[in-house]
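Trainee: Please take a close look at the aromatic rings in this predicted model. Which rings pair, and are they buried or exposed?

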Amino acid sequence: MRKTCATVAIAALLVPALVLGQKTSYDYDKTANFAAFKTYAHKEGTKVGQQLIDERIVAAIEAELAAKGLTKTDTKPDVFVVYHVAFDKQKDISTFSSGGGGYGAYGWGWGGGWGGGTSTTQVRDILVGTLVVDVADANKGQLAWRGIGVKEVNVQAKPEKRDKSISEAVKKIFKNYPPKTKSTT
């Protein structure tokens with residue numbers, strides 16, 4: 001129990017340095033009429049839980065939707081936009097070798113031979129953030145498009161860097177919205 005509380009507390013401290021969007025992917029409903037989507041409204045998703053970060057994410061999403069020609073509305077939107085944020089701890093294992101060009105079982109420099117080199121292995125925990133943005137058809141009540149961005153969280157980022165990183169991440173996520181459909185003519 002104590003270890004779980006400590007992990008949650010550490011993650012909560014690291015959340016302000018959210019940096020997302022290095023790797024992105026998307027998927028969409030091939031029957032959706034994206035040309036008909038002109039207005040949007042936000043729906044509640046899975047927030048970060050820190051007001052400043054959540055406000056940055058919403059502002060970045062709104063900027064991208066405006067750039068795509070969508071207008072925010074409170075009444076009868078064509079689509080609902082929902083975002084979800086999740087964090088995961090992963091291990092980064094790096095091994096560095098130096099020296100050691102000795103003769104080994106497989107020739108010079110190969111196999112555990114007579115060389116005198118050293119190897120150092122470093123294991124560190126990294127925090128990875130995932131941002132999912134869903135665009136749902138309000139009339140049909142079903143998902144039309146989903147964009148996902150995943151990146152290591154920079155725990156040392158300053159507010160200006162967070163702004164830039166979140167904006168760039170959301171821009172990269174929306175790069176393929178609306179999806180380009182192949183013409184059958």
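Mentor: What follows is a walk through the aromatic pairs and their surroundings. In this predicted model, a search of the whole structure turns up seven aromatic pairs. One of them joins Tyr26 and Tyr28, with ring centres 6.2 Å apart and an angle of 10° between the planes. That pair counts as stacked because its planes are under 30 degrees apart. Tyr26 has a relative accessible area of 36%, so this residue is partly exposed. Tyr28 is also classed as partly exposed, at 21% relative accessibility; the limit for buried is under 20%, so Tyr28 does not fall in that class.

Another stacked pair is made by Trp145 and Phe174, at 5.3 Å centre to centre and with 20° between the planes. This pair links distant parts of the chain, its members being 29 residues apart. Trp145 belongs to strand β8, which spans residues 142–152, while Phe174 sits in the segment after α3, a helix covering 159–173. Trp145 has a relative accessible area of 0% and is therefore buried. Phe174 is buried as well, with a relative accessible area of 0%.

The two pairs belong to one group: ring pairs link Tyr26, Tyr28, Trp145 and Phe174 into a cluster that also includes Phe34, Phe37 and Tyr177. The cluster thus takes in the partly exposed Tyr26 and the buried Trp145.

A contact of another kind involves Phe80: Lys43 lies over the face of that ring, at 4.5 Å from the ring centre.

Methods:
Residues numbered from 1 in each chain as written. Predicted model: local features only at pLDDT ≥ 70, side-chain atom pairs only at ≥ 80, totals over all residues. Heavy atoms only, no water. Phe/Tyr/Trp six-rings, centres within 6.5 Å; stacked < 30°, edge-to-face > 60°. Buried < 20%, exposed > 50% of the residue type's maximum accessible area, 1.4 Å probe, protein only. Helix = DSSP H or I, 4+ residues; strand = E, 2+ residues; numbered from the N terminus. Lys NZ or Arg CZ within 6 Å of the ring centre and 35° of its normal.
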